[in-house]
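Let us walk through this structure, beginning with the chain as a whole and ending with one of its helices.

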Amino acid sequence: MTEEMNAKIIQHEKWLDSLRQEGEQLAVYGIDFRNYSLSGKYLEKAYLNDCIYDGVILNDTDFETSFMCMSSYKNTEIKRCNFRWVDLSYSCFLNARLISVNFSKSDCTEVDFTNANIVSCKFSEANLYMADFSNANLEGVTIIETHFDQTILGGASMKKIKGIDKADFRSINIGTAKEPVMLEGEEARKWVELHSL
């Protein structure tokens, strides 16, 4: 798969550089990337749905405006990657280590961040509808205009969260998916402020 995927990525980069006049847009589904490195690749506007990245190291990759729904990043280490404007809905980052990752304006509908270590990441203007941060560690995370709606924060550890006063708190769940404890609006905002040391 390595040679074939390299060829597809080269064609995709050519497609981007030529403003869609040459090459071919990358569109793959259900690919297992556990034995393949995407670090440093330029994959803007790609279709990478239902793919597996479990346990890989992913650094400095640009996925901006790509479609990456239903993908798995369990135990993955991701540093300085760009997921801006990416559709990540229904993906799983269980036990992932996320450092300086840009999730701004991304769609994180029902994304599972359970037990993830999330440091210096940007979620500005991201959609966190029913995203699950149960027992996750969030430190130095930016949430300016981030949309919280039934977002699960039960057991999450929060430190130095930025932009709480500018976030959109419709509702958060400080319980679990099975036993929800819902807080809405200003009550939700004050809870996050209180728990962000």
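In this predicted model, the chain holds 197 residues, for which a compact globule would have a radius of gyration near 16 Å, and the value of 17 Å found for the chain agrees with that expectation. Along its principal axes, the C-alpha trace extends over about 50 × 30 × 25 Å. The secondary structure consists of two helices and 13 strands, and buried residues account for 50% of the 197 residues. Of the contacts between residues at least 6 apart in sequence, 10% join residues at least 24 apart.

Turning to the surface, the chain exposes about 9,600 Å², of which carbon and sulfur atoms supply 46%. Its side chains include 21 positive and 30 negative ones, and the centres of these two sets lie 5 Å apart.

Helix α2, which covers residues 185-195, shows how burial is arranged within a single element: its buried residues are A188, R189, W191 and V192. Seen down the axis of α2, these buried residues fall within an arc of 160°, and they therefore line one face of the helix. An α-helix has 3.6 residues a turn, so residues three or four places apart point the same way. On the other side of α2, E187, K190 and L194 are exposed.

What, then, covers the buried residues of α2? The cover includes four strands, namely β10 (157-159), β11 (168-169), β12 (171-173) and β13 (182-184).

Methods:
Residues are numbered from 1 along each chain as its sequence is written. This is a predicted model: local features need pLDDT of at least 70, side-chain atom pairs count only at pLDDT 80 or more; totals for chains, interfaces and linings use all residues. Side-chain values use heavy atoms; hydrogens and water are left out. The radius of gyration is taken over C-alpha atoms; the globule rule is 2.2 Å times the number of residues to the power 0.38. Buried means under 20% relative accessible area, exposed over 50%, partly exposed in between (1.4 Å probe, protein chains only). Contact means heavy atoms within 4.5 Å. Accessible areas come from the Shrake-Rupley method with a 1.4 Å probe; for residues, only the protein chains shown count as cover. Lys and Arg count as positive and Asp and Glu as negative; His and the chain ends are not counted. The place of a charge is taken as NZ of Lys, CZ of Arg, CG of Asp or CD of Glu. The arc is that of the directions from the helix axis to the C-beta atoms.
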